[in-house]
Every structure is written in structure tokens, then in C-alpha cells.
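Me: Could we go through this model together? I would like to start with the ligand and then turn to the sheet.

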Amino acid sequence: MLNESTAQPIEPPDGSTAVGTGKGGVGKSTVAAHLAGESAASGDRTLLICVTGQDDDDLGIKRYGRGVQPQGPSVIDGEGLYRAIHDRVPLQPIREVRPNLDVLPGGPRVAEISNLLMLRMLKEGPSVVQSLAQALAPIAPLYDRIIFDSAPENDSLEQLVLAAARTLIVPTRSDESSIKGMERISKNFKIVKTQVNPYLQMAGSFLYGSNRSATLMHADVRSEVRKALGEGTPILETIVGYREVPARNARKKGLLFGEYAELLPTSATNYDVKAGRATAADVVPDTIIPLAKEMRELNQEIFEHCRRVA
Ligand SMILES: Nc1ncnc2c1ncn2[C@@H]1O[C@H](COP(=O)(O)OP(=O)(O)OP(=O)(O)O)[C@@H](O)[C@H]1O
Ligand SMILES: [Mg+2]
């Protein structure tokens, strides 16, 4: 989307962080939702903006009707994001999805933003990449922290987010295509920083959903991350383990890991399922406890790194 000409910078809000990498399925949406939830739970007014074509609904907005919809047409399924950018009006989030947490959900309509920007680009030039920053600016002072979830394999949407954020945090998995995905975000990071958002800083990268005891492999991945993102890139210590069942169940219930863990003491057991008193979906797995703990530690470490570089 960006070319040689330049646009006037818009200073991104303090405390705004994009979670992004060029590869799909590495944990971006999970981590973005948890960062936003953790921030809100600590008392900070928080906004989560999901610039993603797929709505995973980690917070149960669509499935369980959480939060207070703004007046007027629906903002679900990426409609709110699309409309704000299309009509050049301020973002209108769903309020109080949790105490202190407002959200602009992603969804299929977000995918259309790329086409809209490409068309506008012909007339307006590279400043179109600032469309999200512009739609956010009027409401940004309402928040202490703003988290962006981002879409993979889409340069326009990645650039749109990077133009609106102050820091970038990059999750990765250990496979080769995840490392390649980092090369993509790294390229977009450099283009956006040079051309429209000189305030953008790399907060660091972290390995997500990995075997926590595979330390030799982790060392290997760290060196590949540094190759992809630059030698000075901070690499976080916390590794959230690969724990498929609790991660999947929590998302299905529209609950963050910590919230899901709170259901454990009153959960049905496998014994209840065998006896026909409950279904497998009613059983909260014990592994939610370490998963919630690791995610919380990761969130704290990310906030610490963002503070350090901002
Ligand atoms: N710690 C974990 N262990 C195992 N699976 C996990 C863990 N955390 C999340 N998952 C699962 O991994 C999958 C991908 O996670 P997520 O949707 O957060 O990735 P993403 O990078 O946002 O993907 P996309 O690029 O498609 O938007 C989801 O099914 C999610 O429930
Ligand atoms: Mg996602």
C-alpha cells in the first residue's frame, strides 16, 4: 500500500500495542484478548481493536451477547471497523465487555477494508494507511491502553495497524513458516516506521504454544527470531505451553483462561460424564490452571517490555 511518497505522521496513543506477525494461527488473537482482559482487570481503561477477518470471539461478545452495543447499526463481524474507515468517522466500540474493557470486533467485513484502501490510495496516496489511526484519534484519550489484534498474510491490514500503534509485539511458533511470517511483519514494520509512524517501536517477540521443557529448541528459535526481526530484538522469557484442550474450551465458552479456571472447583468430572450426569463439554480440565498462570505471566512481561521501549 505504501510507496515512495510520504504522509504526515499521526502520533499513536500512549499504551497502544499491536500483536502481529505475518503467519496465521500462532496465537495472536488469543494473546491480544488476554492482554486486553488483563489490562482491564488491573483497572486500566482498555480498548481492544480486532483488525482481523476472522472473529474468534474469545470474549463471548457475539455468542453470549456480552457488552453494550453502541446505538445504530451493528458493529459485530467487522462492520463497525469497516464503517468507521469507510465513512471517515470515529470508532464506536462495544462498551463494557468486561469492566473497563471496550472492544471493536473483527469479522468478514474487515477483509473489505483492504479493497477500500487500495481504491482510495489511487486518489489520496499513502496517507490512506493512517485511516485507522484517524478513526481512533478522537476516542483514544478515553483509554489507558489500546490493544490491536491483526490479520496475517495481508500487508494492507498489517500496515493499517502498525500505523496506529506505538509498540509491536510478535508471537511466534517454532516452525519454519512462523519464522517466515516474522520476516513479513518485519518488512511492514520498517516501511511503516520510515514512512508514516516514526513512533513505532519493537517491544519484542515471544514463543507461544510450545513445549516448555524443549530448551535447546527454544535457543534455536531465539536465534532465528533475531535473524528475522533484527539482532537487537528483545525476546521474552515466558513461554505459554501448548495446551490444546483448555485453550479450545475457554474460547468456545467465550471466557479468558483465568475466568475459565475459576469454574474448575465447581466443574463436572469425567466420573460425572461416565455416569451420564454431564457431557464432556462440562468438564473443565485441570490444565487450565497452568495455562492461565503462564498467560498471566506472559501478559505482565509484555506490558513490561512495552513500557520499556515506549
Ligand atoms: N496455549 C495454547 N495451546 C494450544 N492451543 C492454543 C493455545 N492458545 C491458543 N490455542 C489455539 O490455537 C489456535 C490459534 O490461536 P489464535 O486464533 O489465537 O491464533 P491467530 O494467530 O490469531 O490465528 P489467525 O492468524 O488465524 O488469526 C486456536 O484454535 C486457539 O484456541
Ligand atoms: Mg487471529
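Reply: The ligand comes first below, followed by the sheet. This is a predicted model, in which local features need pLDDT of at least 70 and side-chain atom pairs count only at pLDDT 80 or more, while totals for chains, interfaces and linings use all residues. Residues are numbered from 1 along each chain as its sequence is written, chains are lettered from A and ligands numbered from 1 in the order in which they are written, and side-chain values use heavy atoms, with hydrogens and water left out.

Me: How many residues surround ligand 1, and which are the closest?

Reply: There are 20 around ligand 1, and K28, S29, T30, Y208 and R243 are the closest; a residue counts if one of its heavy atoms lies within 4 Å.

Me: Which polar side-chain atom lies 2.6 Å from a nitrogen atom of ligand 1?

Reply: That atom belongs to Y208. In addition, a polar backbone atom of S29 is 2.8 Å from an oxygen atom of the ligand. Polar contacts here are pairs of N or O atoms within 3.5 Å; within protein, one must be able to donate a hydrogen and the other to accept it, and residues adjacent in sequence count only if both atoms are side-chain atoms.

Me: Now the sheet: what is the strand order?

Reply: The open sheet has eight strands in the order β3-β4-β2-β5-β1-β6-β7-β8, with mixed pairing. Strands are DSSP runs (E, at least two residues), numbered from the N terminus, and two of them pair if DSSP finds at least two bridges between them.

Me: Why is one side of β3 and of β8 left without a neighbour?

Reply: β3 (94-98) and β8 are at the edges and each has a single partner strand, so one side of each lacks a neighbour in the sheet.

Me: How does β3 pair with β4?

Reply: The two are antiparallel, over two bridges, and I94 is opposite V103 in β4.

Conventions
Helices (H or I, at least four residues) and strands (E, at least two) are DSSP runs, numbered from the N terminus.
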